[in-house]
Amino acid sequence: MIVLGLTGSIAMGKSTAHAMLKEMGVPVHDADAAVHRLFAPGGAAVAPLEAAFPGVVTKAGGVDRQELSKRVMGDEDAFRRLEGIVHPLVRGAEHAFMARQRLARVPLVALDVPLLFETGGEARCDAVAVLSAPLFLQRLRVLKRPGMTEAKFQAILARQMPDGQKRRRADYVVPTGLGKALTRRRLAGIVRALRAGRLPTRSPGPRRSRRKSIGHA
């Protein structure tokens, strides 16, 4: 089974690309969706997060993500505690997803992980596609989100690898600022290549110059 990593900084179009891959018949594991399930009433992260950050669970029994964000923003120790609770649970959900796909003999799957490079997740992938758009468009998309501010946006960017560095380390770069048709063509080209067994050639060490431009036609 071939594993495609799908990543990119905040508001780079991962949700759109995720939906397109599913339309192409590629099962996708969404790390953000896994977090939402873990934070929902009855989710596995609720009790440990309430123990670590008292008061972040609502009366309905789920985690108040905005309150949790306030607790950890600007506090490195708190942020590390949060990661120590959530990351293993998300990885567990990913392992379960992968096991199901292997049993079903699925030839190609994708892992949609926002912090793939930051957490060393590229080692679990046969190829990595980075979604990318110009900074001005990224900012425009982000600031339209409820509760988002410029300060919060900058704090998020500070925790993410710069887009340019992700592009250099990627096997494929998929533009998301030039229309959905181009994004779809690039993704379709990647899917065709991987299904045909044409894996990108890796150079030793971190990914630096393995970008591909398949999918133009």
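In the predicted model, the side chains of strand β3 alternate in direction: L108, A110 and D112 point one way, V109 and L111 point the other way, and all of these residues are buried. With five of its five residues buried, β3 is therefore largely enclosed by the rest of the structure.

Strand β3, which spans residues 108-112, pairs with two further strands. Its pairing with β1 is parallel and comprises five bridges; here L6 stands opposite D112. The pairing of β3 with β2 is likewise parallel and comprises three bridges, and in this case D112 is the bridge partner of D30. D112 of β3 thus faces L6 and is also partnered with D30.

Helix α1 covers residues 14-23, within which K14, A17, H18, M20 and L21 are buried. Viewed down the axis of α1, these buried residues fall within an arc of 165 degrees, so they line one face of the helix. Such an arrangement can be read against the geometry of the α-helix, in which there are 3.6 residues a turn, so residues three or four places apart point the same way. On the other side of α1, by contrast, S15, K22 and E23 are exposed.

The cover over the buried residues of α1 includes strands β1 (2-7), β2 (28-30), β3 (108-112) and β4 (127-132), together with helix α9 (180-195). Strand β3 therefore contributes to the cover of the helix while being itself largely enclosed. Just after α1, G25 adopts a positive phi of about 85 degrees.

Methods: Residues numbered from 1 in each chain as written. Predicted model: local features only at pLDDT ≥ 70, side-chain atom pairs only at ≥ 80, totals over all residues. Heavy atoms only, no water. Buried < 20%, exposed > 50% of the residue type's maximum accessible area, 1.4 Å probe, protein only. Helix = DSSP H or I, 4+ residues; strand = E, 2+ residues; numbered from the N terminus. Arc of directions from axis to C-beta. Contact = heavy atoms within 4.5 Å. Pairing = 2+ DSSP bridges.
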